[in-house]
Amino acid sequence: MRTILITGPGGSGRTTVAAATALRAAGTGTRTLVLSADRTDTLGTALGTPTGPEPRGAAPGLTAWRPDPAARFRDDLTAFQSRAAGFLDLLGAARLDAEEVTPLPGAEELSLLRALRDAALAERHDLLVVDLPPAPRALDLLALPEELRRYLRRLLPPERQAARALRPVLGRLAGVPMPAEWLYETAARWDAELAAVEAVVRDRTTTVRLVAEPGPAGADAVHTTVLGLALRGLRTDALVANRVLPETGPETWPAGLLAQQRKALADWGQAYDVRPVAHLGHDPRGADDLAALAVPGVDAAPEPVEWPVTDRIAEDGVLVWHIPLPGAIRDDLDLVRRGDELVVTAGPFRRIVPLPSALRRCTVAGAALRDGTLRIRFAPDPQLWPRER
């Protein structure tokens, strides 16, 4: 199943573009599911038919789904209280009733991730169009599975056989109860669920489509978002320039706004695959308006983003790790080696990535940013590198 993740600055019309993209794909005979996590039914407003916690048909070949984060959160908390009943009773904690539970911040994001995983595993559709939150929240959302899995591995490492055998002894020595087996089982289940979500996001056919209005604010947001996606190794297949004013039209269009849009489009065209979508003169509502939007179709997925390691030992005595970071600025980059991991900071974003196996036996010899690619040089450690016979 092909997946297109759609995001952009707040107010850019990303939900409308997501609905139009899904409707156009369904019109070609592609079994399509459009997914949104907005609490308000902006997706249903765009499609002209209400959406809700159960998938429902919105047009021939098109299914729309807006999962309910409150229901999923209540179910999870109820299950957790049941599993942790002994521990909660030991603490004298009062349990929460399902009726008094309200979703915490972030519940929408977790609900959307689960729905994304469930839709991919169901294999009932050929295309999944996901209306992500605005760009800053979308970047945090896409980073969440990887970050949570890293936390779980550090707090409850899978290599716990020795700890399991010594748990009674350690409990007596420490004077406090050691984690019960259900805690490890829960962590393993969470890790498996997060891995399934991560697999969908990082699939070779999954791409991100940006939506922005051409102008200074949109240009800044696009630049930042592209950098954040690149650091996560995610692919951008197109930049939808939404609500583009026509060259000739009502005299009410401000000349300054027209010039501003033209300049932004010209600048974007030098760096991105720009797909202009004309302003209809009103907010699109219903299938007819969505069909009038010239949103890009679902083309073949672009080549996946690669972070290759090249062997320059014979020429320069180093291995070079290439990390594409379009739009990165040298002064905003920072690298820190921590064991077998590398902490990469690019502007406002940071990611902790495991080193490829060959680089774990090397020391960092330097780095340079050139043509939008960060090149990190690693020198083999004589104490760890295999010696030639």
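# Salt bridges and packed helices

Biologist: Let's start with a pair of side chains: which residue does Arg117 meet in a salt bridge?

Modeller: The side chains of this pair meet at 2.8 Å, N to O. That fits the rule, because a salt bridge needs a side-chain nitrogen of Lys or Arg within 4 Å of a carboxyl oxygen of Asp or Glu. The partner of Arg117 is Asp118.

Biologist: Good start! What kind of model are we looking at?

Modeller: Residues are numbered from 1 along each chain as its sequence is written, and side-chain values use heavy atoms, with hydrogens and water left out. Local features need pLDDT of at least 70, side-chain atom pairs count only at pLDDT 80 or more, and totals for chains, interfaces and linings use all residues, since this is a predicted model.

Biologist: Back to our pair: is Arg117 buried or exposed?

Modeller: We sort residues by relative accessible area (buried under 20%, exposed over 50%, partly exposed in between, with a 1.4 Å probe and protein chains only). Asp118 has 28%, so Asp118 is partly exposed. Arg117 has a relative accessible area of 11%, so Arg117 is buried.

Biologist: How many salt bridges does the rule give?

Modeller: Side chains of opposite charge can pair when their charged atoms come close. The pair of Arg117 and Asp118 is a salt bridge. By the rule, the count comes to 21.

Biologist: Which residue meets Glu146 in a salt bridge?

Modeller: The N to O distance for this pair is 3.0 Å, and Glu146 meets Arg202. The two come from distant parts of the chain, 56 residues apart: Glu146 is in helix H6, while Arg202 is in the loop between helix H8 (181-201) and strand E6 (206-212). Glu146 is buried at 13% relative accessibility, whereas at 28% its partner is partly exposed. So the residue that meets Glu146 is Arg202.

Biologist: With which other residue does Arg202 form a salt bridge, and is that residue buried or exposed?

Modeller: The closest N and O atoms are 3.5 Å apart, and the partner is Glu198. Shared partners put Glu198 and Arg202 into one network of salt bridges, whose members also include Glu147, Arg149 and Asp191. With a relative accessible area of 16%, Glu198 is buried.

Biologist: Now the helices! At what angle do H5 and H6 pack?

Modeller: Helices are DSSP runs (H or I, at least four residues) and strands are too (E, at least two), numbered from the N terminus. Axes are lines fitted to C-alpha atoms, over the stretch in contact for helices, with angles from 0 to 180 degrees between N-to-C directions. H5 (residues 107-122) and H6 (residues 135-155) have axes 10 Å apart, at an angle of about 60 degrees.

Biologist: Which residues of H6 does H5 meet?

Modeller: Contact means heavy atoms within 4.5 Å. On the H5 side are Glu109, Leu110, Leu112 and Leu113, and in H6 they meet Arg137, Leu141, Leu144 and Pro145.

Biologist: Are H6 and H9 parallel or perpendicular to each other?

Modeller: Under 35 degrees counts as roughly parallel, over 145 as roughly antiparallel, 65 to 115 as roughly perpendicular and the rest as oblique. H6 and H9 (residues 216-231) pack at about 5 degrees, with their axes 10 Å apart. Ala135, Leu139 and Leu142 in H6 meet Thr225, Gly228 and Leu229 in H9. The two helices are therefore roughly parallel.

Biologist: Which residues does Ala230 contact, leaving aside neighbours within four places in sequence?

Modeller: Ala230 lies in helix H9, and at 8% relative accessibility it counts as buried. Its C-alpha is 9.7 Å from that of Ala328, although the two are 98 residues apart in sequence. The contacts of Ala230 are Trp307, Pro324, Leu325 and Pro326.

Biologist: What relative accessible area does Gln261 have?

Modeller: Gln261 sits in helix H10 (residues 255-269). Not counting residues up to four places away in sequence, Gln261 touches Pro214, Arg243, Val244 and Leu245. Gln261 is buried, with a relative accessible area of 2%.

Biologist: Last one: what share of the protein's residues count as buried?

Modeller: The protein has twelve helices and 15 strands. Among contacts between residues at least 6 apart in sequence, 68% join residues at least 24 apart. Of the 389 residues, the share that counts as buried is 42%.
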